[in-house]
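Please open the structure in your viewer and keep the selection tool at hand. The tour proceeds by successive selections, each followed by a description of what is found there.

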Amino acid sequence: MRKNQYLITAGFMFFFALLGLFASFFVRYQYEAEATLVTNFELVEDTNITELMVYSQLELVRQLMFHPDITNQVLEVEHKAGNMISLDQLENISIIERRLNSTLVKVRTDNPEIAARIASTWVKSAYERLSEAYDHALLVSEAKWVITSIENCLKDEKVYTTAFCESLTLEVVEAKTKEAQEIILAESPYALGLTKEIQISQYQPAAIPSKPIQGSRGNMMLVGALIGLILSMIFHELPISHPEQEVG
């Protein structure tokens, strides 16, 4: 290292760190608020519930977070608060993630209070809408159980002697089957694809974030210093920094 070369490097880093500090005053910080919708999945041994079924139900909950009934309520709350956000903008600032049995709603904006309000409203609306759908899912699941039980009585000799099967007559079978089919047709559109095994337990609203995740002043100064370091290394390799080579 030539004499005073380190001073040039330090000068570059200091100068660009100051530029990063100056630029940070014009950058709008990004805050992320996170709210959680908690679900439970009831697993019973010796049943036909598979890991794929569990995954599909949890993934369905994540997809239903964008159901119009839910997003429209979020937009309505924001519009009443004076934030005239559109559905496209709402989707762009939000991330829906699945973590084990929970569904996370992450919202990023430059206003921490708005981010927390959107995330909290979102999980609250989802909890209310999916809880309503779960009531219909119970009816559908019960009706399907009746049909399956009747079919088992006719096919499986092991259950033929049960009290339920022995009480069945042709008229009862036809009546119960017809009633169950009517329930399935009537309730399925309102169940939104949920089954009785998955339960919408609770929701946890978002706290107002206090620290930005992007555009923090210290990070921008660090980036500026790194840029200065790189530029100083380039400068040291330029011919202008090697006058003795030009003379030779």
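The stops below cover strands, a loop, and helices, in that order.

**Strand β3 and its partners**

Please note at the outset that this is a predicted model. Begin by selecting β3, residues 102-109. Is this strand enclosed or open to the surroundings? Of its 8 residues, 7 are buried, so β3 is largely enclosed by the rest of the structure.

Next, add strand β1, residues 31-41, to the selection. β1 and β3 pair in the antiparallel sense, and 8 bridges join them. To locate the register, display Ala35 and look across to Val105 in β3, which stands opposite.

Then add β2, residues 94-99. The pairing of β2 with β3 is also antiparallel, over 6 bridges. Here the register can be read from Arg98, which has Thr103 of β3 opposite.

**The turn of the hairpin**

Zoom in on the connection between β2 and β3, which form a hairpin with 2 residues between them. Select Leu100 in the turn and inspect its backbone: phi is positive, at about 55°.

Asn101 lies in the loop between β2 and β3 as well. How exposed is Asn101? Its relative accessible area is 31%, and it is therefore classed as partly exposed. Show the residues that Asn101 touches beyond four places in sequence: Leu37, Val38, Thr39, Asn40, Phe41 and Leu58. For a distance check, pick the C-alpha atoms of Asn101 and Val54; the two residues are 47 apart along the chain, and these atoms are separated by 9.6 Å.

**Gln57 in helix α2**

Move to helix α2, residues 51-64, and select Gln57 within it. With a relative accessibility of 8%, Gln57 counts as buried, because the cut-off for burial is under 20%. Excluding neighbours within four places in sequence, the contacts of Gln57 are Phe41, Gly193, Leu194, Thr195 and Ile198. Phe41 is thus found among the contacts of Gln57 and among those of Asn101.

**The crossing of α3 and α5**

Finally, select helix α3 (residues 68-80) together with helix α5 (residues 112-155). At what angle do these helices pack? The angle is about 140°, and the axes lie 9 Å apart. The crossing is right-handed.

To display the contact, show side chains on both helices. The α3 side includes Ile70, Val74 and Val77, while the α5 side includes Ile118, Trp122 and Arg129. Coloured by class, the residues of this contact comprise 7 nonpolar, 4 polar and 5 charged.

Technical notes: Residues numbered from 1 in each chain as written. Predicted model: local features only at pLDDT ≥ 70, side-chain atom pairs only at ≥ 80, totals over all residues. Heavy atoms only, no water. Axes fitted to C-alpha atoms, helices over the stretch in contact; angles between N-to-C directions. Helix = DSSP H or I, 4+ residues; strand = E, 2+ residues; numbered from the N terminus. Left-handed = near helix turned anticlockwise from the far one by under 90°. Contact = heavy atoms within 4.5 Å. Nonpolar A, V, L, I, M, F, W, Y, C, P; charged D, E, K, R; others polar. Buried < 20%, exposed > 50% of the residue type's maximum accessible area, 1.4 Å probe, protein only. Pairing = 2+ DSSP bridges.
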